[in-house]
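I sat down with this model today and kept a few notes as I went. Here they are, in the order I looked things up.

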Amino acid sequence: MTKQIFAATFFVAAIFSAAANAAWEIGAGVEGYHWQEYTTSTIRTPLMPTESGPRFAMHVNWTGVGDLGLLLAYRGKLYFGKVHYDTYNQLTDIPVSTTTQYSGVAHEGQLLYRSNAGRYKLDYVGGVGWDNWRRAIGYSQLEDYSILYLRGGVNLDQPRRGKGWHGGGGLKYPFLTWENAHLTNQGYYSNPILTPGNDISFYANLGYRINSNFDVAGYYDSWRFKQSDIQATADAGGPWQVWQPKSSMDLLGVRLMYSF
């Protein structure tokens, strides 16, 4: 999984590096991560599975150079980290605490329409992307997610990396979702693929460009998934029904970027 993530990242970066008339940004940062599943145990004090903790991220941005009109852009991100996981045993309803190790990559191609907005440039953003991550829960449970999504929003920026504030925001929509829970590794006889339901989420960012090379920004990102369809499987104890409950992800991050 990790080798595939890095191979895909370098492949996409190599494609875009062929463009000479372009602006590049690379950087890194940290983000506070929160994942919530909206299902409760039947214990006296209901418990909803929750993950929270820090993740680390590396960012690569490419934007075609132009003052007005249509532009192409690419946004890439590698992320990883270990977060705390509070859940419960689904057979006994006993609360359980463990950790989840995350590793993932996101690639997104964008089409920008750039216009003037006083001394700023206003970009109308449309994008299509792929977010792919692995959750390694405790020592034995793996879950792989692949999300294809659309993005729409606006960016307001200083022209030609001018010093000052910039920001943007908009909506994301996952139009194709895929979850591999690796159920056969846990003793089940089959491994049906789950498809979390589609829902709209928000994103936003606010940054300050220190000079033509360095930029610091804070950002918010999110996912919203409805409950997946219920699938059938079985183990030595008999038949079971499995599904991914309604889930949400929220993160707040900060990153330092270098432009060249």
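I began with terms: two strands pair if DSSP finds at least two bridges between them. Strands (E, at least two residues) and helices (H or I, at least four) are DSSP runs, numbered from the N terminus.

Before going on, I noted that this is a predicted model, where local features need pLDDT of at least 70, side-chain atom pairs count only at pLDDT 80 or more, and totals for chains, interfaces and linings use all residues. Residues are numbered from 1 along each chain as its sequence is written, and side-chain values use heavy atoms, with hydrogens and water left out.

**Strand β10.** I looked up its partners. β10 (residues 214-226) runs antiparallel to β8 (residues 197-198), with 2 bridges; Gly197 is matched with Lys226 of β10. I found 6 bridges between β10 and β9 (residues 201-209), again antiparallel, with Leu206 facing Gly218 as bridge partner. A hairpin of 4 residues connects β9 to β10. With β13 (residues 247-259), β10 forms 12 antiparallel bridges, and Phe214 has Tyr258 as its partner there.

**Core.** I then checked the largest nonpolar core (buried Ala, Val, Leu, Ile, Met, Phe, Trp, Tyr and Cys residues joined through side-chain atoms within 4.5 Å; buried means under 20% relative accessible area, 1.4 Å probe, protein chains only). The core has 15 residues, and those touching the most other members include Trp223, Phe225 and Met249. β10 and β13 are among the elements giving two or more residues to this core.

**Confidence.** Mean pLDDT (the predictor's confidence in each residue, from 0 to 100) is 90 for the protein chain, and 89% of its residues reach 70 or more.

Technical notes: Buried means under 20% relative accessible area, exposed over 50%, partly exposed in between (1.4 Å probe, protein chains only).
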